[in-house]
Structures are given as C-alpha cells and as structure tokens.
Amino acid sequence: YLLSGMVWPAVVVGCGLWLPGGRDAFAGRPAAAVLVTYISQLVLIMLGGGGFNEEPGWRGFALPRLQRTAGPLKGSLVLGLLWGLWHLSLYVYTPNYNGAGAGFAGIAPMFLAFMVCTTALSFVFTWLYNTVAGSVFFLAFAHASFNAGTMWAPATRTYDLAVFGLAVIAAAAVLIGTRGRLGWKAGRTDTGGTAAT
C-alpha cells in the first residue's frame with residue numbers, strides 16, 4: 001500500500017514538476033491541503049475512474065484465466081493490449097484526451113503511445129496481482145493511485161509521454177527483477193485448473 005499509495009503517485013507527479021507550469025498546482029497550498037485533495041481524488045477515481053469500474057474485469061476476471069492458459073508474460077501482453085483498446089473511444093470522442101489533439105494525425109500517435117503504456121502497466125499490475133494473492137481491491141487502489149497522481153501535472157502531450165515512459169521503465173524493472181515470472185508460482189489456481197509454466 002505504501003508503494004502504490006505514496007511512492008507510485010509521487011513518482012508520477014514528479015514527472016510533471018520539471019515541465020512549465022508543473023509546480024503551479026502546488027503554489028501557495030499547504031501540504032495538508034494537497035494531501036486532502038489527493039485522497040479525495042484517489043477515492044473518487046477508485047470508485048468510478050479506473051479503479052472498481054475496471055479492475056474487477058481486467059485483474060479480477062481476465063488475468064487469472066489468461067495466466068492459467070497462457071502464462072504471466074503472454075497473458076499480461078494480451079490483457080495490456082485489450083486494456084488499451086478499451087480506451088480508444090475516449091481518444092476519438094473526448095477532445096484532447098491525454099494530449100492527443102484532434103483528427104487522425106493527432107490521435108493516432110498518442111493512442112499508440114498509450115497502448116505501449118497500458119501494455120507496460122499490465123506487466124506491473126500482473127506482478128502486483130500475483131504479489132498480493134489476487135486482491136482486486138488492491139489493484140483498484142493501485143490503478144486509482146496512478147490516475148490520481150496524473151491529475152496534478154499540466155495536461156500536455158509532453159507530460160503524458162513522460163508518464164508513458166515511466167510505465168515502460170517500471171515494466172522493465174519488474175520484468176528484470178522477477179526474471180519474467182511476475183510473481184507467478186507454478187501450480188497456482190486462482191480460478192481452478194493448473195497454472196501455465
């Protein structure tokens with residue numbers, strides 16, 4: 001919880017502090033006010049913006065089945081791509097979503113970068129899932145804390161690409177640190193059956 005609730009969003013916020021306007025959100029605000037705002041955002045997002053409205057499906061239903069049949073690496077890859085594609089309508093119908101701009105030329109490169117991000121985060125979230133014995137509550141919390149951390153920085157393409165890069169670095173660290181096992185133990189049966197090795 002310390003990693004997902006404090007370290008993870010702090011690093012996400014840190015990506016934006018060096019950008020023009022990145023410190024404006026904190027200007028003249030006492031630490032207590034920042035903390036209360038962050039916790040409020042975390043709760044709201046957890047309830048309806050990337051926490052419990054997504055994670056019961058992604059990590060509660062799909063991941064255990066994908067890991068059992070395809071293993072943690074392939075399962076995370078497939079889930080990350082599906083997770084990214086699920087957000088396509090936001091890029092198409094929400095103006096300037098994640099700094100994408102408008103039109104095919106604006107949306108396509110940022111959506112592809114977002115797909116890389118969700119795929120990278122999928123490996124990180126699979127590791128978290130396997131480490132906390134499949135707790136969907138914890139994954140909803142981790143997902144929401146990541147999203148809440150991004151609320152503090154300027155909504156620019158540069159910032160979004162920096163956060164996407166952070167996700168890739170985190171995935172690489174998890175993949176190297178676990179030697180590609182992502183915390184998966186042979187024989188694990190989250191939804192019955194035997195685990196892929």
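Analyst: Buried means under 20% relative accessible area, exposed over 50% and partly exposed in between. The model discussed here is predicted.

User: Which residues of α2 are buried?

Analyst: The helix α2 covers residues 31–48. With a cut-off of under 20% relative accessible area, its buried residues are V34, Y38, Q41, L42, I45 and M46.

User: Where do the buried residues of α2 fall, seen down the axis of the helix?

Analyst: An α-helix has 3.6 residues a turn, so residues three or four places apart point the same way. The buried residues of α2 are V34, Y38, Q41, L42, I45 and M46. Viewed along the axis of α2, these residues lie within an arc of 130 degrees, so they line one face of the helix.

User: Which residues are exposed on the other side of α2?

Analyst: Exposed requires over 50% relative accessible area. On the side of α2 away from its buried residues, the exposed ones are A32, V36, L44, L47 and G48.

User: What do the buried residues of α2 pack against?

Analyst: The buried set includes Q41 and L42. The partners of the buried residues are two helices, one of them at residues 136–150. They are α1 and α6.

User: How far apart are the end C-alpha atoms of α2?

Analyst: At 1.5 Å a residue, the 18 residues of α2 should span 26 Å. The model agrees with that expectation, as the end C-alpha atoms of α2 are separated by 26 Å.

User: Is Q41 buried or exposed?

Analyst: Q41 belongs to helix α2. Leaving aside neighbours within four places in sequence, Q41 contacts A148, M151 and W152. The relative accessibility of Q41 is 19%. Because the limit is under 20%, Q41 counts as buried.

User: Which residues does F26 touch, not counting residues up to four places away in sequence?

Analyst: F26 sits in the loop between α1 (2–17) and α2 (31–48). At a relative accessible area of 25%, F26 is partly exposed. Contact needs heavy atoms within 4.5 Å. By that limit, F26 touches V13, L17, V34 and W152.

User: What distance separates the C-alpha atoms of F26 and A153?

Analyst: Along the chain, F26 and A153 are 127 residues apart. In the model, their C-alpha atoms are separated by 9.8 Å.

User: How many residues apart in sequence are the parts that the pair of W83 and F125 ties together?

Analyst: The structure holds eight aromatic pairs. One of them is W83 with F125, a tilted pair at 5.5 Å centre to centre and 40 degrees between the planes. W83 lies in helix α3 (residues 55–86) and F125 in helix α5, so the pair joins parts of the chain whose separation in sequence is 42 residues.

User: What class of pair do Y91 and F111 form?

Analyst: W83 and F125 are both buried. For Y91 and F111, the ring centres are 5.3 Å apart and the planes stand at 70 degrees, so the pair is edge-to-face.

User: In which helices do Y91 and F111 lie?

Analyst: Y91 is buried at a relative accessible area of 1%, and F111 is buried at 9% relative accessibility. Ring pairs link both of them with Y97, F114 and F164 into a cluster. Y91 lies in helix α4 (residues 88–93) and F111 in helix α5.

User: How far is the charged end of R59 from the centre of the ring of W83?

Analyst: W83 is buried. The charged end of R59 sits over the ring of W83. Its distance from the ring centre is 4.4 Å.

User: Which residues does T119 touch, not counting residues up to four places away in sequence?

Analyst: T119 is placed in helix α5 (residues 103–131). At 10% relative accessibility, T119 counts as buried. Its contacts, with the same neighbours left out, are L77, G80 and L81.

User: What is the radius of gyration of the chain?

Analyst: The chain has seven helices and zero strands. The globule rule gives 16 Å for 197 residues, and the chain comes close to that, so it is as compact as a globular protein of that length. Its radius of gyration is 17 Å.

User: What percentage of the 197 residues in the chain do buried residues make up?

Analyst: Along its principal axes, the C-alpha trace spans about 55 × 40 × 30 Å. Among contacts between residues at least 6 apart in sequence, 77% join residues at least 24 apart. Buried residues make up 46%.

Notes
Residues numbered from 1 in each chain as written. Predicted model: local features only at pLDDT ≥ 70, side-chain atom pairs only at ≥ 80, totals over all residues. Heavy atoms only, no water. Helix = DSSP H or I, 4+ residues; strand = E, 2+ residues; numbered from the N terminus. Buried < 20%, exposed > 50% of the residue type's maximum accessible area, 1.4 Å probe, protein only. Phe/Tyr/Trp six-rings, centres within 6.5 Å; stacked < 30°, edge-to-face > 60°. Lys NZ or Arg CZ within 6 Å of the ring centre and 35° of its normal. Expected span 1.5 Å × (residues − 1). Arc of directions from axis to C-beta. Rg over C-alpha atoms; globule rule 2.2 N^0.38 Å.
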